[in-house]
Amino acid sequence: MAKNVEAGRLSFTLDLAEAMAGAEVVFIAVGTPTRRGDGHADLTYVMAAAEEVARIAKDYIVVVTDHRACRNQPQAGSGGCCGQSRFGF
């Protein structure tokens with residue numbers, strides 16, 4: 001990791017707008033604890049992150065989530081858990 005930071009290929013920031021500037025792809029990697037009652041993944045944090053990305057995105061952007069977090073969502077081709085119709089990206 002240090003080698004890639006020194007080479008300028010990897011950086012870290014707490015400023016989402018700064019991190020997304022010029023990005024074509026955003027990876028969402030947040031916790032998905034088990035939801036009480038049914039044992040499915042609690043997607044609260046995934047959806048909150050997707051909403052922040054949608055607010056900041058200036059153009060079309062690819063958003064990648066862990067497929068296991070969205071496995072209980074609509075079928076493939078329907079927009080998945082962070083669908084285009086909900087967030088507009």
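**Reasons behind the labels**

Visitor: Where is A17 found?

Guide: A17 is found in helix α2, which covers residues 16–20. The structure is a predicted model.

Visitor: Why does A17 count as partly exposed?

Guide: The relative accessibility of A17 is 42%. Buried requires under 20% and exposed requires over 50%. The value for A17 satisfies neither condition, so A17 counts as partly exposed.

Visitor: How far apart are A17 and R55, in sequence and in space?

Guide: A17 and R55 are separated by 38 residues in sequence, and their C-alpha atoms are 9.7 Å apart.

Visitor: Where do A23 and E24 lie?

Guide: A23 lies in the loop between α2 and β1. E24 has its place in the loop between α2 and β1 (25–27).

Visitor: What makes E24 exposed, and what makes A23 partly exposed?

Guide: E24 has 64% relative accessibility. The label exposed is given over 50%, therefore E24 counts as exposed. For A23 the relative accessibility is 30%; because this value falls between the 20% and 50% limits, A23 counts as partly exposed.

Visitor: Which residues is E24 in contact with, leaving aside its neighbours within four places in sequence?

Guide: With those neighbours left aside, E24 is in contact with I61 and V62. In each case the term contact signifies heavy atoms within 4.5 Å. As for C-alpha distances, E24 and D59 are 8.9 Å apart, at 35 residues apart in sequence, while A23 and V62 are 9.1 Å apart, at 39 residues apart in sequence.

Visitor: Why is the pairing of D38 and R35 called a salt bridge?

Guide: The side chains of D38 and R35 meet at 2.5 Å, N to O. The criterion is a side-chain nitrogen of Lys or Arg within 4 Å of a carboxyl oxygen of Asp or Glu. The distance of 2.5 Å is within that limit, so the pair is a salt bridge. A search of the whole structure finds 1 salt bridge.

Visitor: Are D38 and R35 buried, partly exposed or exposed?

Guide: D38 has a relative accessible area of 41%, and R35 has one of 37%. Both values lie between 20% and 50%, so D38 and R35 are partly exposed.

Visitor: How do you know that the span of α3 is close to the one expected?

Guide: Helix α3, residues 44–56, has 13 residues and reaches 19 Å from its first C-alpha to its last. The expected span is 1.5 Å times one less than the number of residues, which for α3 comes to 18 Å. The span of 19 Å is close to that value.

Visitor: Which residues of α3 are buried, and what makes them line one face of the helix?

Guide: The buried residues of α3 are V46, M47, A49, A50 and V53. Seen down the axis of α3, these residues fall within an arc of 160°, so they line one face of the helix.

Visitor: Why is T44 called partly exposed?

Guide: T44, placed in helix α3, has a relative accessible area of 49%. Exposed requires over 50%, and 49% does not reach that; nor is 49% under 20%, so T44 is partly exposed. T44 and P33 are 11 residues apart in sequence and 9.2 Å apart in space, C-alpha to C-alpha.

Visitor: Why does M1 count as exposed, and which patch does M1 help to form?

Guide: M1 lies in the segment before α1 (2–6). Its relative accessibility is 68%, and the limit for exposed is over 50%, so M1 counts as exposed. M1, V5 and F12 form a nonpolar patch on the surface, with about 370 Å² of accessible area together.

Visitor: What is the pattern of helices and strands along the protein chain?

Guide: The protein chain has 4 helices and 2 strands, and in sequence order they follow the pattern α-α-β-α-β-α. Of its 89 residues, 20% are buried.

How values were computed: Residues are numbered from 1 along each chain as its sequence is written. This is a predicted model: local features need pLDDT of at least 70, side-chain atom pairs count only at pLDDT 80 or more; totals for chains, interfaces and linings use all residues. Side-chain values use heavy atoms; hydrogens and water are left out. Patches are made of residues with over 30% relative accessible area and no salt bridge: like charges are joined within 9 Å, nonpolar side chains (Val, Leu, Ile, Met, Phe, Trp, Tyr) within 5 Å. Accessible areas come from the Shrake-Rupley method with a 1.4 Å probe; for residues, only the protein chains shown count as cover. Buried means under 20% relative accessible area, exposed over 50%, partly exposed in between (1.4 Å probe, protein chains only). The arc is that of the directions from the helix axis to the C-beta atoms.
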